[in-house]
Amino acid sequence: MKNIAVGIIGTGSYLPPTILTNRDLEKMVDTSDEWIRTRSGIMERRITGPDIATSDMAAEAARRAMDDAKITPEEIDLIIVGTVTPDNAYPSTACTVQRKIGAVNAAAFDLAAGCSGYMYSLAVGTQFIKTGFYKKVLVIGGDNLSKFTDWTDRATCVLFGDGAGAAVLSEVEEGYGLLSFHLGADGSGGDLLILPAGGSRMPASEETVRQRLHYTRMNGHEVYKFAVRVMDKAVKEALEKIGMKPEDLDYLVPHQANIRIINHAARRLKIPTEKVFVNIHKYANTSAGSIAIALDEAKRQGMIKRGDIVAFVGFGAGLTWGAGVCRWV
Ligand code: UT7
């Protein structure tokens with residue numbers, strides 16, 4: 001069987017226009033700009049209003065990625081949306097996006113892997129092209145966490161933002177594109193980052209609403225420890241599979257959850273900070289949107305050029321983690 005090289009031929013992203021600053025949050029909960037900046041690196045985040053849901057952000061990011069890739073919606077064979085904040089439990093957000101962008105020939109499904117949703121979706125989408133099953137796959141990572149945030153809980157509400165990013169995958173020149181992935185999961189840590197109610201385990205009731213169980217619950221400190229454990233390891237695993245080392249990397253695009261986590265991973269990988277993309281100060285943690293948005297921005301700012309070896313890495317609810325390595329096309 002021919003080894004089909006698969007790469008990202010277009011990217012796009014969408015951030016809602018409304019900005020919520022740390023100063024705004026100071027008026028809502030007992031927090032300070034100084035605490036948020038020093039503990040996380042976040043200065044502001046984008047927030048949707050009632051008119052924007054995950055599919056709206058995902059569809060706009062997708063349109064921009066298709067423009068960038070110079071392809072039409074009809075050429076898309078498959079849409080994968082990595083999200084844990086779908087518009088509805090069903091239909092899938094991917095099906096809603098399919099309708100919105102007019103990708104009439106595409107199959108569509110959602111993939112839930114928390115903040116690792118984009119990494120998982122990228123890895124899955126790549127396989128469909130590698131096997132020759134599909135030619136063009138649209139991979140989107142996006143979340144609308146503000147709708148699932150307890151705005152009275154200072155431990156979580158300062159950390160998250162909304163947004164989506166998209167990538168078009170296609171066959172590319174041999175030796176280029178997505179070269180390796182490493183995905184992992186540890187379900188034993190599921191309770192550390194969880195939306196307790198609204199699913200089949202704890203259906204919505206007056207009581208669940210009263211107890212605020214439809215909002216994100218997180219043990220931030222434990223998630224932090226997990227993140228610093230897996231970030232650099234995941235990158236090294238993905239590199240090892242293709243006989244590469246961290247020093248071969250030209251650029252790292254990490255999940256934007258906390259600047260301290262990013263810096264820790266960079267230090268462990270011995271990558272200088274100028275080779276690490278950071279936009280957490282502007283958007284906070286956009287969950288599955290984070291790496292997709294960061295990659296799109298890095299590309300648009302001219303930081304990634306053809307032939308560069310670029311790694312992506314993320315972690316999140318599940319617990320899950322994922323890394324990928326590509327030679328940029
Ligand atoms: O994509 C995955 C999603 N999740 C994450 O990435 C989260 C990973 N974790 C983190 O980023 C960090 O653990 C946090 C930023 C959440 C917290 O930083 P930390 O250095 O681990 O702080 P901490 O949890 O140990 O809390 C320190 C103190 C506590 O007070 P006491 O108990 O020491 O008196 C908290 O109550 O900071 C307090 N605190 C706050 N203070 C002001 C917690 N949240 C806030 C806040 N403003 N917003």
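Student: In this model, how far is an oxygen atom of the ligand from an N or O atom in the side chain of histidine 255?

Tutor: The model is a predicted one, and its distances should be read with that in mind. A pair of N or O atoms counts as a polar contact within 3.5 Å, and the pair formed by a ligand oxygen and a side-chain N or O atom of histidine 255 is separated by 2.8 Å.

Student: How much of the 960 Å² that the ligand exposes when taken alone is buried by the protein?

Tutor: Beyond histidine 255, a side-chain N or O atom of arginine 39 lies 3.0 Å from an oxygen atom of the ligand, while a polar side-chain atom of threonine 31 is 2.7 Å from a ligand nitrogen. Of the 960 Å² exposed by the ligand on its own, the share that the protein buries is 72%.

Student: Which helix gives the largest share of the shell around the ligand?

Tutor: At least two residues of the shell come from each of helix H2 (33-40), helix H6 (154-157) and helix H8 (220-240). With 4 residues, the largest share belongs to H8.

Student: Why does the ligand lie between two domains, and which domains are they?

Tutor: The shell residues comprise 11 nonpolar, 6 polar and 4 charged ones. Because residues of this shell are given by both domains, the ligand lies between domain 1 (6-175) and domain 2 (179-327).

Student: Is asparagine 258 buried or exposed?

Tutor: Asparagine 258 is among the residues that come nearest to the ligand, together with Thr31, Cys115, Gly220 and His255, and it is located in the loop that joins strand E11 (251-254) to helix H9 (259-269). Apart from neighbours within four places in sequence, asparagine 258 contacts Arg39, Ser40, Tyr224 and Ile280. Its relative accessibility is 8%, and therefore asparagine 258 counts as buried.

Student: What is the relative accessible area of threonine 126, and which residues does threonine 126 touch?

Tutor: Threonine 126 is placed in helix H5, which covers residues 117-130. Residues are called buried under 20% relative accessible area, and threonine 126 is buried with a value of 1%. When residues up to four places away in sequence are not counted, threonine 126 touches Val6, Leu169, Leu178 and Phe181.

Student: What separation is found between the C-alpha atoms of threonine 126 and valine 253?

Tutor: Along the chain, threonine 126 and valine 253 are 127 residues apart. In space, the separation of their C-alpha atoms in the model is 18 Å.

Notes
Residues numbered from 1 in each chain as written. Predicted model: local features only at pLDDT ≥ 70, side-chain atom pairs only at ≥ 80, totals over all residues. Heavy atoms only, no water. Near = heavy atom within 4 Å. Polar contact = N/O pair within 3.5 Å; in protein donor to acceptor, adjacent residues only side chain to side chain. Areas by Shrake-Rupley, 256 points an atom, 1.4 Å probe, with all protein chains shown as cover. Nonpolar A, V, L, I, M, F, W, Y, C, P; charged D, E, K, R; others polar. Domains from an automatic or database assignment. Buried < 20%, exposed > 50% of the residue type's maximum accessible area, 1.4 Å probe, protein only. Contact = heavy atoms within 4.5 Å.
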